[in-house]
Amino acid sequence: ALRMHRDRITAPLAQWLGGSRKEERALRITMICTGFVTHLRLLPMAGAGKASMKKWLAQELQRLADEG
């Protein structure tokens, strides 16, 4: 599972991101997305699917993408 995640998700994302610390940034993005989806789908919390949370996610992902 770890190899599949690296080969099919993290490595291509890092390649697409480019720039400095691309592997670290790709890993951070996948960690944030995994946590968001977990809370949204498996551990529904009040407000997890609100527009403000989705906006926060979009801004955080953009910030990580722009760091490079």
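This is a short tour of a predicted model, with a few selections to try in your viewer.

**Stop 1: the core.** Begin by selecting L13, A14, L17, A26, I29 and L64, the six residues of the largest nonpolar core. Now colour α1 (2-17) and α2 (22-42), the elements that each give two or more residues to this core. Of these, α1 provides the largest share, with three residues.

**Stop 2: A14.** Stay in the core and pick out A14, one of its six residues. Which residues does A14 touch, not counting those up to four places away in sequence? Show K22, E23 and A26 to see them.

**Stop 3: along α2.** Next, select the whole of α2, which has 21 residues. From its first C-alpha to its last it reaches 29 Å, close to the 30 Å expected at 1.5 Å a residue. Highlight R25, A26, I29, T30 and F36, the buried residues of α2. They lie on the same side of α2, because they cover an arc of only 135 degrees around the axis. Show α1 and α3 as well, since what covers these buried residues includes both. Then turn to the other side of α2, where M31 and L42 are exposed.

**Stop 4: E67.** Finally, go to E67, in the segment after α3 (51-66). With a relative accessible area of 29%, E67 is partly exposed. Leaving aside neighbours within four places in sequence, E67 is in contact with S20, R21, R25 and R28. You have already met R25 among the buried residues of α2. To end, try a distance: E67 and I9 are 58 residues apart in sequence and 19 Å apart in space, C-alpha to C-alpha.

Note on methods
Residues are numbered from 1 along each chain as its sequence is written. This is a predicted model: local features need pLDDT of at least 70, side-chain atom pairs count only at pLDDT 80 or more; totals for chains, interfaces and linings use all residues. Side-chain values use heavy atoms; hydrogens and water are left out. A nonpolar core is a set of buried Ala, Val, Leu, Ile, Met, Phe, Trp, Tyr and Cys residues joined through side-chain atoms within 4.5 Å. Buried means under 20% relative accessible area, exposed over 50%, partly exposed in between (1.4 Å probe, protein chains only). Helices (H or I, at least four residues) and strands (E, at least two) are DSSP runs, numbered from the N terminus. Contact means heavy atoms within 4.5 Å. The expected span of a helix is 1.5 Å times one less than its number of residues. The arc is that of the directions from the helix axis to the C-beta atoms.
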